Amino acid sequence: RQVLEAQLEVLRQGQESILSSCAFTEQALHHGSATEVLLVQKQMGERLRELAARPFPEHPHENAQLEFRAEPEGLRRSIQNLGALLTTSATAHTTVATGEGLRQAVVGQPCSLSVTTKDKDGALVRSGGARLRFAVTGPDGAAAEAEVQDNRNGTYELVYTPRAEGDFVLSILLYGQPVRGSPFRARALRPGDVPPSPEEAKRRVKSPGGGHVRQKALRRPASMYGSAKRKENPIEDELIFRVGDRGREKGEFTNLQGISTSSAGRIVVADSNNQCVQVFSNEGQFRLRFGVRGRSPGQLQRPTGVSVDTNGDIIVADYDNRWVSVFSPEGKFKVREEELGGVWGWVSMAPPSLTPCSPQTKLGAGRLMGPKGVAVDRNGHIIVVDNKACCVFIFQPNGKLVARFGSRGTAERQFAG
């Protein structure tokens, strides 16, 4: 209808032009003097010839066919896929609860703890939706406010708020059965009576030498879980190992800003103040460090975000250089120049031959004001969060801008940094 209406409008305008020109010409011939006719002869002749030669859309630009064809097969498939069976392999006797909230809480303040579901063999359950019930009973026997938040990854956040001092009983039931160690007993204290946590106490203790203590990545032995001697309220932090220390050497950091993982079993970390990217194995062992401080292509000035694409290439958001750089899995800067035939090539860090460089060597240069986070989707699109511009950019792997959205503000599709 829209196509035919537009065609009709063109025909009507042409008709009006023809009628008005003919009417003017006839009026000039019948009522004008010879002098007036001679004055408009050339103008009106050209006008009439132009109208006579103009091609008008006389034939319909659309046909009249419009019919409905029923597709019952799609409806049948939709009915068959109307729902799904939901279940988990979580068992109560292997599921554990962790957190400071199992030991103590502060009156009037929300206190949280975590529940990690496990199957019969003690392996972590990666899906949510388990039937978990959390009940808190106060010293007077009354129920306290409590809620369960499903993280959809096999873990659950339990929150309760004590309203009075005294001992509270925390009951955690999974499918109607108590989790390991449940029920727990926690003491609610007034804010001024809360002793410092073990972490705060450790921070207050200074080492004899005045320097930092280097900690190696150690995996806790399995016997810590299977020991016959258990506390009344077993609490597990599920810490596997810890990596890194403050410093500027390999495996050390001064300002970690971004982290990512790869399908090849590697952990990639962006260290902003050290102007470098470091790579570790999934076991926490140092593998690689790359990065040279500077403002040329392939150099880093303040890397704040890092991601790994499907090819294993490392994408780095450089905050101060205001662009995104791409490195190979071995840490070599990747450049796509016209003389390479439109194919990514590997070059050493910041080679002088790259100047002047093609736009792909500095992805987003001239558009980004302060890139701070970066991710890669399944199609290879590079998605960048611009902290200063308060917007999100989406680039193709070759650096072409696909889309951008967001601005500074508090409304929908607006950000504040």
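I count two strands as paired if DSSP finds at least two bridges between them. The model I am working from is predicted.

**Sheet**

I looked up the pairing of strand 3 (residues 111-118) first. Strand 3 runs antiparallel to strand 6 (residues 155-161), and 6 bridges join the two. Across this pair, L113 in strand 3 sits opposite L158 in strand 6.

I then traced the sheet around this pair. It is an open sheet of 4 strands in the order 1-3-6-5, with antiparallel pairing. Strand 1 (91-98) and strand 5 (145-150) are the edge strands, each pairing on one side only. From one strand to the next, I noted an average twist of 25 degrees.

**Helix 2**

I checked the length of helix 2 (residues 34-53). Its 20 residues, at 1.5 Å a residue, should span 28 Å, and the end C-alpha atoms are 28 Å apart, so the two values agree. I also found a bend of about 45 degrees at Q41 in helix 2.

Which residues of helix 2 are buried? I listed M44, G45 and L51. Helix 1 (2-31) is included in what covers them.

**N274**

I located N274 in the loop between strand 11 (266-271) and strand 12 (276-281). Is N274 buried or exposed? Its relative accessible area is 8%, and the cut-off for buried is under 20%, so I entered N274 as buried.

I looked next at the side chain of N274. It makes a polar contact of 2.6 Å with the side chain of R248. The side chain of T254 makes another polar contact with that of N274, at 3.4 Å. Leaving out residues up to four places away in sequence, I found N274 touching G247, R248, E252, F253, T254 and R289.

Definitions and conventions: Residues are numbered from 1 along each chain as its sequence is written. This is a predicted model: local features need pLDDT of at least 70, side-chain atom pairs count only at pLDDT 80 or more; totals for chains, interfaces and linings use all residues. Side-chain values use heavy atoms; hydrogens and water are left out. Axes are lines fitted to C-alpha atoms, for helices over the stretch in contact, and angles run from 0 to 180 degrees between N-to-C directions. The expected span of a helix is 1.5 Å times one less than its number of residues. The bend at a residue is the angle between axes fitted to the seven residues ending there and the seven starting there. Buried means under 20% relative accessible area, exposed over 50%, partly exposed in between (1.4 Å probe, protein chains only). Contact means heavy atoms within 4.5 Å. A polar contact is a pair of N or O atoms within 3.5 Å; within protein, one must be able to donate a hydrogen and the other to accept it, and residues adjacent in sequence count only if both atoms are side-chain atoms.
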